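This report is written for a reader who is meeting the structure for the first time. It takes up a few local features of the backbone, then a sheet, and finally the surroundings of a ligand.

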Amino acid sequence: MEFPNENCANKTGNIEVVATTDIIIVGAGVAGAALAYSLGKDGRRVRVIERDLNEPRRIAGENLMPGGYLKLIELGLKDCVDDIDAQRLLGYVLYMDGKDAPLAYPLEKFQSHVAGRGFHNGRFVRRLREKAASLHNVSLEQGTVTSLLEGNGTVKGVHYKDKSGQLQTAYAPLTVVCDGCFSNLRRALCNPKIDVPSYCVGLVLTNCKLPRENYGGLVISKPSPFAFYPISSTEIRCLVDVPSQNVPSVSDGEMAHYLKTQVAPKVLPELYTAFISAIEKGNIKTMPNKIMAGSPHRTPGALLIGDALNMRHSITGGGMTVALSDKVLNASSDPTMVDIQEACFGYLRLGGVFAYGLSALHSGLCPHPLRLAFHILAMAIYGVGRLLLPFPSPKRLWHVAKLLWVGSSIVLPFVQSEGVRQMFFPRTVPAYYRTPPGNNKNRKEWEETPWIN
Ligand SMILES: Cc1cc2nc3c(=O)[nH]c(=O)nc-3n(C[C@H](O)[C@H](O)[C@H](O)COP(=O)(O)OP(=O)(O)OC[C@H]3O[C@@H](n4cnc5c(N)ncnc54)[C@H](O)[C@@H]3O)c2cc1C
C-alpha cells in the first residue's frame with residue numbers, strides 16, 4: 001500500500017509537503033521488518049524502504065538466542081520461525097585444549113517450545129517481511145535510501161532511489177534508520193567510529209552431526225575461536241573468526257589453505273570430514289566483525305537502531321561478548337591474556353550457578369546489568385584464587401596485578417560506553433529501560449512459573 005504525499009498551504013500561504021506516513025523505516029532486515037510489524041499493529045502508517053526485497057543470503061544472524069525467541073512471542077512474530085526448518089538450540093558446549101564445558105540455557109522455567117533457534121537468516125527475514133507487509137497500513141517497497149532529508153536540524157524524511165533508479169523523496173515525522181552494519185546513514189546520526197578486529201568466515205557443513213544434539217559448539221583455540229551450530233535439519237554453520245591483520249584472500253585459494261592448515265586440525269573429529277569437503281566445495285563467505293559503540297547524536301525526527309547503531313563481536317551470537325569481549329576469546333601470546341582465557345573457561349566449567357548465570361545472560365533470558373557485574377567480579381575472584389594457589393609468592397602476586405589490570409582494561413570501556421548508572425544503579429534509570437522481562441505481563445503467556453532466578 002502506498003501513502004501519497006499531499007501538498008498543503010501553510011499559514012503563510014506557502015505550499016508545503018505534508019507527510020501522510022507516520023514513520024519511515026530504512027531497511028527491512030531483522031530490526032526494520034520486526035519494527036514495521038509492531039508499529040503497524042499499533043495502527044501507525046508505516047513506510048518501509050528496503051534496498052533488496054529478495055530473500056537475503058548471508059552468514060549473519062542465524063542463531064537466535066532464547067531471549068530473542070521470547071521477544072518474537074512478545075511481538076506476535078513467533079510464527080516467523082515456523083516452516084523454515086529452524087532447529088531448536090538448548091545451549092552451547094565450549095571446547096578448549098581437549099576439555100569441554102557444556103553450557104545449557106536456563107530454560108527449566110519455560111514452556112517446552114522456548115529455546116534458541118538456528119536457521120537460514122534469509123528465510124527468517126523473508127517471513128518477517130511477509131508478516132509486516134500483511135498489514136494494510138504497512139507499505140514495503142524496494143529502494144535505496146541515499147540521504148536523510150534535513151531542515152532546521154530536524155530529519156523530515158529521506159531521499160531514495162526507487163526500483164527503476166528514479167530519485168524520490170519520502171516524508172514522515174519520524175524516520176527510523178536500521179540499514180545494518182554497512183549503514184551509510186549512521187554517520188549523520190551517531191559517532192561514526194568503527195573498529196574491525198576480525199572477520200567471520202562462513203562455511204556450511206553437510207552429512208555430519210554435532211557431538212551433542214541441539215547444542216552448538218564454540219572451540220576456543222589458536223589463532224582464534226570458531227563456532228558450529230545447526231541452521232537446518234541437514235546443515236551446520238561453521239563460523240571461523242580470523243583476525244583482521246592477516247585475512248587471507250578467498251579468490252586465490254589462500255583462505256582455503258588457511259582453513260585447512262590452521263583451523264582443520266582443531267576441528268572436532270565428528271565434523272572433520274565435512275569441514276574439509278565444505279572447503280573443497282569452495283562456498284566460503286566472509287563478513288567483517290565490526291565493533292560499533294552506540295553513541296548516537298540526538299537528532300529530532302530520526303532514530304537509529306539495530307546493527308547500524310550498535311554492533312558487537314558476532315562469534316558467540318549473543319551478549320556474552322559484552323562481558324568477555326573478543327580479546328578474551330582470541331588467542332594471544334600475552335601470558336596475562338592466556339590467564340584470563342583460562343580463568344573464564346575454568347569458571348564456566350565450575351557449572352552450577354556460575355555457568356547457569358552466565359548462560360542466562362548470554363542467551364538473553366536474564367539481561368540484568370548487575371548480574372553481569374556480579375559474574376565479572378566472581379570470575380575475577382576465581383582467576384585471582386587460581387593464580388595465588390597453593391600459596392602466594394611475589395611472582396604470583398605480580399601475575400594477579402597484571403590479570404586485574406588487563407581484565408579492567410577489557411571491562412571498564414564497556415562500563416563506560418554502557419553507562420555507570422545503567423550498569424550499577426539500573427533502578428535509577430527511566431522505567432522504560434529497566435523493566436525486567438519477569439515483570440512483563442505478556443511473559444506469563446509463555447512462562448510456566450515466575451522467573452525467580
Ligand atoms: C558474521 C556475523 C554473524 C552473526 N551471527 C549472529 C547470530 O548467530 N545471532 C545473532 O543474533 N546475531 C548475529 N549477528 C548479528 C546479526 O546479524 C545482526 O545483529 C542483525 O542482522 C541486525 O539486524 P538489522 O536489521 O540491524 O540489520 P540487517 O539485518 O543487516 O538489515 C539491514 C537491512 O537494511 C537494508 N539496507 C541497507 N542499506 C540500505 C539503504 N541505503 N536503503 C535501504 N535499505 C538498506 C539491507 O538490505 C538489509 O535488509 C551476526 C553478525 C555477523 C556479521
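## A cis peptide bond between two helices

Proline 390 sits in the loop that lies between helix 9 (369-388) and helix 10 (394-418). The model shown here is a predicted one, and in it the peptide bond leading from leucine 389 to proline 390 is cis, its omega being near 5°.

## Two aspartates with positive phi

Aspartate 83, although it is not a glycine, has a positive phi of about 60°. This residue belongs to the loop between helix 2 (66-75) and strand 6 (87-89). Aspartate 83 has 9 other C-beta atoms within 10 Å, and because a residue with 12 or fewer is classed as exposed, it falls into that class.

Aspartate 97 is likewise a residue other than glycine with a positive phi, in this case near 50°. Its place is in the loop between strand 7 and strand 8, and with 9 C-beta neighbours inside 10 Å, aspartate 97 counts as exposed.

## The sheet around strands 7 and 8

The two strands on either side of that loop, strand 7 (residues 91-96) and strand 8, pair with each other in the antiparallel sense over six bridges. Within this pairing, leucine 94 has alanine 101 of strand 8 as its bridge partner. Helix 7 (residues 335-349) lies across both strand 7 and strand 8, and it runs at about 60° to strand 8.

Both strands are part of an open sheet of seven strands with mixed pairing, in which the order is 8-7-15-16-17-14-18. Strand 8 (99-104) and strand 18 (285-291) stand at the edges and have a single partner strand each, so that one side of each has no neighbour in the sheet. On average, and with direction ignored, neighbouring strands of this sheet are turned by 20° against each other.

## The shell around the ligand

Strand 18 also appears in the surroundings of the ligand, where it supplies at least two residues of the shell, as do helix 1 (30-41), strand 4 (46-50), strand 5 (63-64) and strand 10 (138-151). The largest share, three residues, comes from helix 1. Of the 32 residues around the ligand, those that come nearest are Gly27, Gly29, Gly61, Gly180 and Gly306.

By character, the shell divides into 14 nonpolar, twelve polar and six charged residues. Domain 1 (6-62 + 120-188) and domain 2 (195-291) both give residues to this shell, and the ligand therefore lies between them.

How values were computed. Residues are numbered from 1 along each chain as its sequence is written. This is a predicted model: local features need pLDDT of at least 70, side-chain atom pairs count only at pLDDT 80 or more; totals for chains, interfaces and linings use all residues. Two strands pair if DSSP finds at least two bridges between them. Helices (H or I, at least four residues) and strands (E, at least two) are DSSP runs, numbered from the N terminus. Axes are lines fitted to C-alpha atoms, for helices over the stretch in contact, and angles run from 0 to 180 degrees between N-to-C directions. Two residues are in contact if their C-beta atoms, placed from the backbone, lie within 7 Å. A residue is near a molecule or strand if its C-beta atom, placed from the backbone, lies within 6 Å of it. Ala, Val, Leu, Ile, Met, Phe, Trp, Tyr, Cys and Pro count as nonpolar, Asp, Glu, Lys and Arg as charged, and the others, Gly among them, as polar. Domain bounds come from an automatic or database domain assignment. A residue is buried if 20 or more other C-beta atoms lie within 10 Å of its own, exposed if 12 or fewer, and partly exposed in between; C-beta atoms are placed from the backbone.
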